[in-house]
Number of protein chains: 2
Amino acid sequence: MTKLIKMGQNAKAASRILATLTTEEKNNALNLIADEIEAQADFVLTQNEKDIADGRRAGLSQAVLDRLLLTDKRIKALADDTRSVANLDDPVGSVIDAKVLPNALRLSKRRIPIGVLGVIYEARPNVTIDIAALSLKTGNAAILRGGKETLRSNLALVKVIQAALEKASLPLSSVQIIDDPDRALVRELLRLDQYVDMIIPRGGAGLHRLCIEESTIPVITGGMGICHIYVDESANLEQAIDIVENAKVQRPSVCNALDTLLVHPAVADEFLPQVAARLAESKVELRAAPKAFSILKNGVDVHPAGAEDFDQEWLSLVLGVKVVGGLEDAIAHIHEHSTEHSDAILTNDLENANRFVNEINSSAVYVNASTRFTDGGQFGLGAEVAVSTQKLHARGPMGLEELTTYKWIVLGDGHVRK
Amino acid sequence: MTKLIKMGQNAKAASRILATLTTEEKNNALNLIADEIEAQADFVLTQNEKDIADGRRAGLSQAVLDRLLLTDKRIKALADDTRSVANLDDPVGSVIDAKVLPNALRLSKRRIPIGVLGVIYEARPNVTIDIAALSLKTGNAAILRGGKETLRSNLALVKVIQAALEKASLPLSSVQIIDDPDRALVRELLRLDQYVDMIIPRGGAGLHRLCIEESTIPVITGGMGICHIYVDESANLEQAIDIVENAKVQRPSVCNALDTLLVHPAVADEFLPQVAARLAESKVELRAAPKAFSILKNGVDVHPAGAEDFDQEWLSLVLGVKVVGGLEDAIAHIHEHSTEHSDAILTNDLENANRFVNEINSSAVYVNASTRFTDGGQFGLGAEVAVSTQKLHARGPMGLEELTTYKWIVLGDGHVRK
């Protein structure tokens with residue numbers, strides 16, 4: 001038996017116990033974890049220092065090192081976040097639907113945990129705590145696989161979690177972490193369908209593709225957004241400048257940031273130079289299709305768009321710009337290039353707004369707002385597990401409910417099928 | 001470009017149009033399909049006769065041939081079933097959830113079609129019409145791949161559907177069928193993730209495993225049921241005999257039929273001979289674990305259970321029988337052997353009923369009823385696409401709602417994220 005099969009069996013066994021816990025018992029465990037994180041801060045920080053030292057030697061960039069770094073303040077934030085998860089509503093056990101059939105069978109659908117989650121993520125130690133807390137809250141066991149650059153920090157954090165689980169008299173296998181950076185283990189995890197019920201990749205397009213290709217377990221794909229804003233003829237242009245700036249500039253490295261600006265030809269001459277001037281203040285580089293380029297070519301950082309520029313998730317201060325023929329053309333462009341994450345129309349025309357909302361089937365479709373709102377916290381879900389752009393199970397920001405499934409409960413009185 | 005990629009592109013284009021149809025337009029198309037099935041009955045029957053003749057030459061069993069066979073009466077039933085689908089409620093467009101956020105963003109979740117469904121099924125011409133109707137009703141395009149034994153019948157039926165689609169001015173690519181029995185095309189379909197959003201296999205364990213192993217598209221797995229009934233100490237034994245007989249005998253070839261009977265030791269001596277006598281009337285063969293065997297060994301068709309006998313989906317008049325230590329032992333047995341399709345407890349003890357319902361997380365969990373009710377029609381869903389035993393997206397009988405997903409619609413008034 002391989003180490004991973006053993007982990008899978010232990011996780012499945014733990015999940016049976018977690019599934020029957022009361023909300024109170026789960027919250028108690030979460031609060032114990034928060035306390036333990038604070039109590040063992042020195043241990044975690046020491047292990048993190050070693051990761052950071054290795055990362056420095058390996059020549060990781062300052063930005064990446066900052067992502068790996070834990071500090072007293074960040075440790076405190078991890079504990080506080082865990083306590084916040086304890087305060088969220090518990091979706092498990094709630095009845096989604098209930099009815100009495102004509103033959104008097106009583107039928108209901110009850111929310112239950114999914115079982116065992118496999119979570120694969122990049123080097124961010126906070127994800128270790130985040131996912132462990134959300135899994136426990138929803139009665140799921142988790143097998144974690146974090147980036148190798150924070151292996152020591154992650155192992156330390158899982159040790160802390162397990163110390164708290166022991167105090168809560170819960171199985172230590174409720175939260176496990178793969179302690180070997182060998183990549184072959186990722187592939188093995190992806191084929192552990194006998195024990196793992198759901199794979200959540202949190203990382204770039206490459207990780208998602210690996211999971212899609214290799215996994216025999218259902219995968220939540222997403223996290224990649226080629227996001228569009230279409231500025232219609234009737235848009236409030238002043239508002240539009242603010243929205244485009246916000247969507248592009250406020251946090252360019254995330255999946256709900258703007259990638260492509262589409263503009264109605266009747267307002268292109270007026271709007272494009274104004275929005276370009278505003279974006280230039282934040283040093284945004286524009287990649288403009290021919291018509292937009294001819295309007296913008298005297299601007300500061302404007303280049304003709306290349307063949308691939310409208311299929312890019314920029315994740316940086318770059319923006320594709322194109323003058324389209326109108327609404328229909330904008331919709332066609334989005335159908336062709338969107339990853340169905342977040343797409344917006346800015347308009348004052350109700351018919352056009354409705355048509356956009358009806359015909360664009362992205363996970364989040366906006367009218368007169370920035371795409372930056374696609375987020376579990378912003379949508380009021382209290383937490384965010386991932387942003388799904390797939391069609392099954394969950395779309396858009398996933399909260400606690402999306403870490404549950406349901407069972408049908410059928411209560412009879414000696415019923416047999418006729 | 002391969003033929004399948006072309007089919008995928010055409011299906012995706014058709015799905016954009018289907019997604020915007022009104023319920024009335026979809027129902028009109030369904031009724032036209034029903035009319036066309038009746039009008040072209042002779043054409044379909046002629047093609048079916050050729051399939052049957054080939055099947056006879058190939059030495060297919062009478063049971064299989066009967067499954068392939070179309071008759072005037074069955075053609076009429078296909079048309080009627082299509083009209084029934086037109087009469088079902090349309091889930092598309094309904095609002096699942098709506099709220100106003102503190103910043104006045106108006107947020108709602110709207111049901112939309114999934115997009116393009118890939119359906120792989122065995123030789124049953126009725127599935128061609130069934131799936132086409134359910135897909136159209138929910139605004140999805142479908143790419144079908146039926147068993148090779150009914151290829152001519154299926155091609156004829158899709159021709160009939162497309163004739164009706166033309167009359168309804170809908171894209172012919174709304175319903176397409178792979179017209180080549182080459183198995184390599186199944187594998188190609190399973191990797192068409194750029195165009196196909198969901199794979200529904202309707203067939204045996206081998207087909208499901210192939211899809212799990214090969215598909216890069218989310219797969220609805222299920223259809224395989226190792227189903228249990230546990231007869232508790234306090235069960236009404238007379239009722240229990242009726243329920244066990246119903247679950248095993250009424251239609252033994254289907255996934256919700258009973259596979260294993262577990263019995264509390266306190267009632268085994270009384271119950272087992274009685275239930276065995278009843279089952280003997282239907283010529284059920286029993287495979288009994290040692291304790292049960294020692295009670296039943298003088299019965300008509302009783303054999304000692306082999307090592308694998310409790311991991312069998314019998315699909316025939318065979319039943320595994322085991323005396324367990326009690327409720328806890330029964331739950332442990334089900335956890336180990338169930339495929340999480342349908343499992344039942346027969347008891348008059350409320351605490352035991354609750355514990356069983358809480359700890360067994362199968363798709364359908366029964367108290368005092370036959371497992372045979374796990375069915376879209378029986379559960380009042382109006383239709384059945386498949387029975388899912390997976391955890392994501394859908395569990396148990398899938399109706400029209402499970403052929404939809406949702407999008408978030410966000411209406412603002414110039415909102416930017418702070």
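## The second largest cavity

Let's start with a small enclosed space in chain B of this predicted model. The second largest cavity is lined by D97(B), A98(B), K99(B), L107(B), S108(B), K109(B) and W408(B). Here a cavity is a set of points, on a 1 Å grid over the protein atoms alone, where a 1.4 Å probe fits but cannot get out, and lining residues have an atom within 4 Å of a point. Strands β1 (95–100) and β2 (106–113) of chain B are the elements that each give two or more residues to this lining; strands are DSSP runs of E of at least two residues, helices are runs of H or I of at least four, and both are numbered from the N terminus.

The space in the second largest cavity comes to about 40 Å³, a volume being the space filled by probe spheres set on grid points that are joined across faces, edges and corners. By class, its lining has three nonpolar, one polar and three charged residues. In this scheme Ala, Val, Leu, Ile, Met, Phe, Trp, Tyr, Cys and Pro are nonpolar, Asp, Glu, Lys and Arg are charged, and the others, Gly among them, are polar.

A word on conventions: residues are numbered from 1 along each chain as its sequence is written, and chains are lettered from A and ligands numbered from 1 in the order in which they are written. Because the model is predicted, local features need pLDDT of at least 70 and side-chain atom pairs count only at pLDDT 80 or more, while totals for chains, interfaces and linings use all residues; side-chain values use heavy atoms, with hydrogens and water left out.

## The largest cavity

Searching the whole structure gives three cavities of 30 Å³ or more. The largest holds about 110 Å³ of space. Its lining has 13 residues, and S15(A), R16(A), G115(A), N361(B) and K391(B) lie nearest its centre. Helix α1 (3–18) and strand β2 (106–113) of chain A are the elements that give two or more residues to this lining.

The largest share, three residues, comes from α1(A). By class, the lining of the largest cavity has four nonpolar, four polar and five charged residues.

## Where the chains meet

Chain A and chain B each bring 77 residues to their contact, where contact means heavy atoms within 4.5 Å. Between them they bury about 6,200 Å², with 50% of it on carbon and sulfur atoms; buried area is the accessible area (1.4 Å probe) that two parts lose on being put together, summed over both. On the chain B side, L392(B), W408(B) and R417(B) lose the most area to chain A, together 14% of what that side buries. W408(B) also appears in the lining of the second largest cavity.

How many salt bridges does the rule find across the interface of chain B and chain A? There are six, each being a side-chain nitrogen of Lys or Arg within 4 Å of a carboxyl oxygen of Asp or Glu. D197(A) forms a salt bridge with K391(B), the closest N and O atoms being 3.5 Å apart. K391(B) is also one of the residues nearest the centre of the largest cavity.

## Loop residues in chain A

S363(A) sits in the loop between α14 (350–359) and β13 (364–369) of chain A. With a relative accessible area of 1%, S363(A) is buried; buried means under 20%, exposed over 50%, and partly exposed in between (1.4 Å probe, protein chains only). Setting aside residues up to four places away in sequence, S363(A) touches E340(A), H341(A), S388(A), T389(A), R395(A), G396(A), K407(B) and W408(B).

Most residues other than glycine have a negative phi. E340(A), not a glycine, has a positive phi of about 60° and lies in the loop between α13 (327–337) and β12 (342–346) of chain A. H393(A), also not a glycine, has a positive phi of about 70°, and its place is in the loop between β14 (386–388) and β15 (396–398) of chain A. E340(A) counts as buried because its relative accessibility is 18%, and H393(A) counts as buried because its value is 17%.

## Two more places to look

T150(A) is in the loop between β4 (141–145) and α7 (151–167) of chain A. Its relative accessibility is 0%, so T150(A) counts as buried. Beyond its neighbours within four places in sequence, T150(A) is in contact with D51(A), L68(A), A123(A), R124(A) and P125(A).

Over in chain B, Q162(B) belongs to helix α7 (residues 151–167). Q162(B) is partly exposed, at 21% relative accessible area. Leaving out neighbours within four places in sequence, its contacts are L172(B), V175(B) and Q176(B).

Methods. On a 1 Å grid over the protein atoms alone, a cavity is a set of points where a 1.4 Å probe fits but cannot get out, and a pocket is an open set with protein on both sides within 12 Å along at least five of seven lines; lining residues have an atom within 4 Å of a point.
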